[in-house]
Amino acid sequence: MSFEHATPQRPSDTRTHATVLVIDDEIRSLEALRRVLNDDFEVLCAKDAREAEEFLEGDMVHAILCDQRMPGQSGVEFLKRVRDLWPDPVRMIISGYSDSEEIIAGVNEAGIYQYITKPWHPDQLIETVQGAVQLFRLQKETETASVEVKLGPSRVKQVISEKRGAARRLYDFDRIVHAPSSPMHGVIDLARRASDYDISVMITGESGTGKELLARAIHYHSARANKVFVVENCGALPNELLESELFGCKKGAFTGAYQDRIGLFEVANGGTIFLDEIGETSPAFQVKLLRVLQEGEIRPLGAQRVRKVDVRIVAATNRDLGAEVEAGRFRRDLYYRLAAFPIHMPALRDRPMDIPLIAERILSEVKTAFNRDIAGFSPAILDELTRYPWPGNVREMQNEIQRMVVLADGDRLQSSTLSGQARPSSDPFKAALKMNGSSTLKDKVEALEKAVIAETLERFNGNISKVAGSLGLSRVGLRSKLSRYDLRKDLDADEENSHG
């Protein structure tokens with residue numbers, strides 16, 4: 001199944017069958033329509049408006065094909081009611097009569113997509129219904145159905161294609177800022193390799209490290225790049241609402257379900273869904289998500305039938321899911337399905353060589369957005385930014401630089417505009433404690449050690465012998481730690497020469 005097969009990706013023409021509701025009071029005509037459409041679609045047949053509404057109340061329908069002449073009310077009148085109660089399905093009229101005025105009114109008032117005349121040709125009918133289903137899916141991507149129906153599917157497809165092209169350029173791997181010596185180099189190499197295969201990816205790392213950015217890059221370098229990429233924060237919603245968002249729901253399925261909702265799994269059909277904060281989900285929800293991965297199908301809340309979906313999953317968490325599994329808070333079987341290809345995003349404090357580059361990129365974007373003529377950072381402030389542990393990672397840096405640009409009086413950002421929180425602490429113990437709450441004891445100890453060494457280097461003006469003696473380290477041991485923490489200072493030349 002496409003969720004887990006670690007095989008090279010190729011764009012697939014395979015479609016999950018869309019659901020088409022056909023309404024005609026003539027049984028032979030209804031049966032003929034069903035036979036023609038049955039190979040390409042899941043066909044629901046109704047002989048009158050009442051039966052049709054029963055289907056619409058219990059099933060998720062992509063397109064409606066309605067006869068114009070029916071007992072009691074015309075097809076146009078019925079589709080006007082459908083537009084008010086079930087606006088998502090694309091509506092079509094089929095008729096053997098030339099009711100031109102009423103049909104024209106229907107196009108305007110009932111939002112009718114196509115008027116099909118009898119006798120119809122099977123191939124043309126299939127092509128028309130396929131166009132309606134394609135339009136339905138495009139509408140779900142743009143969420144501008146009422147406008148896009150008037151534009152027609154070709155124009156909608158063009159708009160979507162232009163947006164995807166722009167996104168592909170924006171989320172290119174090469175745009176992920178990092179220095180040649182950065183640990184991000186290995187991360188990006190892993191992500192590039194994963195993008196070529198239809199395999200589930202689990203991205204771990206602290207909040208604000210750029211997990212969604214990496215997920216988007218994976219999608220736009222995959223064979224699914226021409227399909228949709230959707231995002232859901234699993235930690236932001238209670239179970240019932242999360243299920244509704246992901247799997248869809250019928251009107252009245254639960255308190256607050258005031259209309260039919262197409263789930264994000266169906267919107268992402270053929271593409272990628274990014275499940276952020278997957279570690280925050282409940283065991284009950286995990287069971288349902290596991291079924292989706294196993295069976296490749298969803299059941300909207302309140303719906304009678306399951307729907308096949310073909311979606312790649314990229315999940316992310318700032319938790320240690322392995323520990324969550326051992327503690328019984330996360331299902332082991334779901335974990336192994338989601339984490340087929342794990343990638344860890346390093347915290348910003350673990351890639352200090354990237355901080356000046358990232359700061360310059362953020363400043364470039366912020367000054368454009370804020371329309372400020374800022375030349376850059378003063379030399380002193382870049383050193384301060386590099387020394388700060390950034391517990392909120394890149395997201396915190398973005399907020400800090402926005403604040404600095406707002407407060408800047410000259411053409412360069414100065415240390416005086418740094419917030420108190422971002423100023424390097426004179427107390428290294430406090431600086432270590434500022435780290436993200438999810439940091440391990442090892443992370444905090446290393447941050448403390450780095451801060452103490454940096455402070456001692458500054459106190460002895462980079463004299464290696466004095467620093468080593470003060471800290472009770474050998475010169476070789478100190479050099480090893482300087483390299484590890486990227487604390488390279490200008491060394492005292494005489495000291496260097498005297499010790500070879």
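The exercises below, each with a worked solution, concern a predicted model.

**Exercise 1.** Determine what surrounds the side chain of arginine 312, and explain why arginine 312 has no salt bridge.

*Solution.* Begin with the location: arginine 312 belongs to strand S11, which covers residues 312-317. Next, consider charge: arginine 312 is buried, and the nearest side chain of opposite charge is that of aspartate 198, 4.4 Å away. Because a salt bridge requires a side-chain nitrogen of Lys or Arg within 4 Å of a carboxyl oxygen of Asp or Glu, the 4.4 Å to aspartate 198 leaves arginine 312 without one. Finally, look for backbone partners: a polar atom of the arginine 312 side chain lies 2.8 Å from the backbone oxygen of alanine 194, and the side chain of arginine 312 also reaches the backbone oxygen of isoleucine 199, at 2.9 Å.

**Exercise 2.** Describe the surroundings of glutamate 42, and decide whether this residue is buried, partly exposed or exposed.

*Solution.* Glutamate 42 is placed in strand S2, residues 41-46. With a relative accessible area of 25%, glutamate 42 is partly exposed, since the buried class ends under 20% and the exposed class begins over 50%. Leaving aside residues up to four places away in sequence, the residues that glutamate 42 touches are His17, Ala18, Thr19, Val20 and Arg305. For histidine 17, a separation of 25 residues in sequence goes with a C-alpha to C-alpha distance of 5.9 Å from glutamate 42. With threonine 19 there is, in addition, a polar contact between the two side chains, at 3.5 Å.

**Exercise 3.** Classify the geometry of the aromatic pair formed by tyrosine 388 and tryptophan 390, and state how accessible its two members are.

*Solution.* The structure contains six aromatic pairs. In the pair of tyrosine 388 and tryptophan 390, the ring centres are 4.6 Å apart and the planes make an angle of 85 degrees, an edge-to-face arrangement. Tyrosine 388 is buried at 2% relative accessible area, and tryptophan 390 is likewise buried, at 0%. Elsewhere, Phe247, Phe265 and Phe285 make up one aromatic cluster.

**Exercise 4.** Work out how the buried residues of helix H3 are arranged around its axis.

*Solution.* First list the buried residues of H3, which runs over residues 75-85: they are Gly75, Val76, Phe78, Leu79 and Val82. Viewed down the axis of H3, these buried residues fall within an arc of 155 degrees, and therefore they line one face of the helix. The spacing can be related to a general property: an α-helix has 3.6 residues a turn, so residues three or four places apart point the same way.

Technical notes:
Residues are numbered from 1 along each chain as its sequence is written. This is a predicted model: local features need pLDDT of at least 70, side-chain atom pairs count only at pLDDT 80 or more; totals for chains, interfaces and linings use all residues. Side-chain values use heavy atoms; hydrogens and water are left out. Helices (H or I, at least four residues) and strands (E, at least two) are DSSP runs, numbered from the N terminus. Buried means under 20% relative accessible area, exposed over 50%, partly exposed in between (1.4 Å probe, protein chains only). Lys and Arg count as positive and Asp and Glu as negative; His and the chain ends are not counted. A polar contact is a pair of N or O atoms within 3.5 Å; within protein, one must be able to donate a hydrogen and the other to accept it, and residues adjacent in sequence count only if both atoms are side-chain atoms. Rings of Phe, Tyr and Trp (its six-membered ring) pair if their centres lie within 6.5 Å; planes under 30 degrees apart count as stacked, over 60 as edge-to-face and the rest as tilted. Contact means heavy atoms within 4.5 Å. The arc is that of the directions from the helix axis to the C-beta atoms.
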